[in-house]
Amino acid sequence: MATPTVDRGLEDVVAAESKICFIDGKEGRLVYEGYDIRDLAEKSTFEEVAYLLWYGQLPTRGQLSDLSKRLESLRSLPVPLRDVMEHLPPNAQPMDVLRTAVSGLAILEPAETKPGPSSIGGALRLTAVLPSIISAADRFRRGLEPLPERPGLSHAAHVAYLLSGKTATELDVRAMDVALILHADHELNASTFSARVTASTLSDLYSAVTSAVGTLKGPLHGGANERVMAMLREIGTIDRAEVAVREKLARHERIMGFGHRVYKVEDPRATILREWSRRLGEENHDMRWYDLLRKVESVVHQEKGLYPNVDLYSGSVYTLLGIPDDLFTPLFAASRVVGWTAHVLEEYNDLRLIRPTALYTGPTRLTYVPIDERVAAEPASAVPR
Ligand code: CMC
């Protein structure tokens, strides 16, 4: 029998058919349901994009207004969830709190999470409530009560208010809207894949999103922008940037915010966020982050030929919006939840259990040794198995 080939990281494996999102990694194009991300980032709002990803078409004015009202009506935290969150340790990571809260909601709101088309209700609920959860997690750890809701705000304005604690300017709201649009979906990225795997077992929507939050948390996926800001703070000033980056590369460290599994040219989201980083820097008379990032970008490109990904400039945008570093990845989740849930709904609609195989490399015919006759051996691997 021919030995099957192993595709580590599933790079060249096509694991699903999907109409939601298309990436052309060679051309640097990202398309949601047929629409180029550059058009959506320039002309639409997060609510419009959410409608597009869930229903497969852009909404009419009436459909958009209905969706916006529904989202606004679903922002409150249930009291039992609030109580649980209040008692979590103040040093808990916001992503861990978010994962726990989504899992808790599944118990409190079982009707919203049933597998099947009715779980669109759960998709709306999660999209509306995630920013409230993230904001409450941040407030509780600082010994503060959650911020009261502000009626009449768009989703982006409400997110900007909840995460920064202040009223956002028009430019800030637009920057937030664009950032939310850019992060809403990205084909079969690791967290979306994990959501689809969970859904493919006929598990419920909230469980699928819980899996996805846990997957997004890793620094190779959602956690990179926070680390970009940490790197910029460590570098400090522009005159130190070149040496600092070269030293990191000499130590074979990965520079966060660069490289991508799919894009072989610049990530189109990075192009858009670079411009927003500049615009917000100018508005705030604070070009420090933008200038440093431009320098880091040029050194990394010169040294490694790597292009920026979405995470390079997003951290500077969020920092200029007044959002703390460790809320960046939760904020990513608050946007990507639309993509996760759209993919889960697509999976429910054409369900096939996702269950790949592994190439077994261990022994197959060992003789069982009774426990008293066993001799302790050096473990073959440092990881207990
Ligand atoms: N810094 C330095 N070297 C890098 C980087 C980087 N950021 N990214 C890739 N490389 C090098 C890597 O060391 C390897 O070199 P060599 O062949 O000499 O060993 C080569 O490029 C190929 O790397 P790879 O890990 O095989 O490529 P991949 O497709 O598995 O990696 C990646 C994709 C995103 C994991 C990787 O580029 C990386 O670790 N980037 C930094 C983390 C980051 O910014 N993550 C956010 C990704 S975008 C968000 C999203 O869409 O989810």
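This briefing walks through a small sheet, some aromatic pairs, two unusual backbone spots and the empty spaces in the structure above. Keep in mind that the model is predicted. Three strands make an open sheet here, the structure holds 3 aromatic pairs, and a search of the whole structure turns up 1 cavity of 30 Å³ or more.

**The sheet**

- Let's start with the strand order, which is β1-β2-β3, with antiparallel pairing.
- β1 and β3 are the edge strands with a single partner each, so one side of each has no neighbour in the sheet.
- β1 covers residues 21-24 and β2 covers residues 29-32, and 4 bridges join these two antiparallel strands.
- If you want a landmark on this pairing, look for aspartate 24, which stands opposite arginine 29 in β2.
- β1 has two faces to tell apart: Cys21 and Ile23 are on the covered one, while Phe22 and Asp24 are on the uncovered one.
- Between β1 and β2 the hairpin has 4 residues, and glycine 28 there takes a positive phi near 70°.
- On the other side of the sheet's order, β2 and β3 also pair in the antiparallel sense, over 2 bridges.
- The landmark for that pairing is tyrosine 32, standing opposite tyrosine 35 in β3.

**Two spots with a positive phi**

- Some background first: most residues other than glycine have a negative phi.
- Glutamate 33 goes the other way, with a phi near 45°.
- You'll find glutamate 33 in the loop between β2 and β3, the latter being residues 35-36.
- Glutamate 33 has a relative accessibility of 18%, so it counts as buried, the cut-off being under 20%.
- Histidine 285 is not a glycine either, yet its phi is positive, at about 50°.
- Histidine 285 belongs to the loop between α13 (268-283) and α14.
- Is histidine 285 buried or exposed? Its relative accessibility is 75%, so histidine 285 counts as exposed.

**Aromatic rings**

- Of the 3 aromatic pairs in the structure, two are described here.
- One of them joins tyrosine 290 and tyrosine 313, whose ring centres are 6.4 Å apart.
- The planes of those two rings make an angle of 45°, and the pair is classed as tilted.
- Where do these two tyrosines lie? Tyrosine 290 is in helix α14 (residues 288-304) and tyrosine 313 is in helix α15 (residues 310-320), so the pair ties together parts 23 residues apart in sequence.
- Both partners are tucked away: tyrosine 290 is buried with a relative accessible area of 14%, and tyrosine 313 is buried with 0%.
- Another tilted pair brings together tyrosine 318 and phenylalanine 328, at 5.4 Å centre to centre and 55° between the planes.
- This pair links distant parts of the chain, with tyrosine 318 in helix α15 and phenylalanine 328 in helix α16 (residues 328-349), 10 residues apart.
- Tyrosine 318 counts as buried at 2% relative accessibility, and phenylalanine 328 counts as buried at 0%.
- A ring can also have a charge over it: the charged end of arginine 279 sits over the ring of tryptophan 276, 4.3 Å from the ring's centre.

**Empty spaces: the cavity**

- How do you look for gaps in a structure? Rolling a probe the size of a water molecule over the atoms shows where empty space is left.
- The largest cavity has a volume of about 30 Å³.
- Its lining is made of Ala160, Ser164, Lys166, Thr167, Ala168, Asp172 and Leu321.
- Sorted by class, that lining has 3 nonpolar, 2 polar and 2 charged residues.

**Empty spaces: the second largest pocket**

- The second largest pocket has a volume of about 650 Å³.
- Its lining takes 25 residues, and Arg196, Glu346, Glu347, Asn349 and Asp350 lie nearest the centre.
- Which helix gives the most to this lining? That would be α16, with 6 residues.
- α2 (46-55) and α16 each supply at least two residues of the lining.
- By class, the lining of this pocket splits into 13 nonpolar, 4 polar and 8 charged residues.

Methods:
Residues are numbered from 1 along each chain as its sequence is written. This is a predicted model: local features need pLDDT of at least 70, side-chain atom pairs count only at pLDDT 80 or more; totals for chains, interfaces and linings use all residues. Side-chain values use heavy atoms; hydrogens and water are left out. On a 1 Å grid over the protein atoms alone, a cavity is a set of points where a 1.4 Å probe fits but cannot get out, and a pocket is an open set with protein on both sides within 12 Å along at least five of seven lines; lining residues have an atom within 4 Å of a point. Grid points are joined across faces, edges and corners, and a volume is the space filled by probe spheres set on the points. Ala, Val, Leu, Ile, Met, Phe, Trp, Tyr, Cys and Pro count as nonpolar, Asp, Glu, Lys and Arg as charged, and the others, Gly among them, as polar. Rings of Phe, Tyr and Trp (its six-membered ring) pair if their centres lie within 6.5 Å; planes under 30 degrees apart count as stacked, over 60 as edge-to-face and the rest as tilted. Buried means under 20% relative accessible area, exposed over 50%, partly exposed in between (1.4 Å probe, protein chains only). A charge sits over a ring if NZ of Lys or CZ of Arg is within 6 Å of the ring centre and within 35 degrees of the ring normal. Two strands pair if DSSP finds at least two bridges between them.
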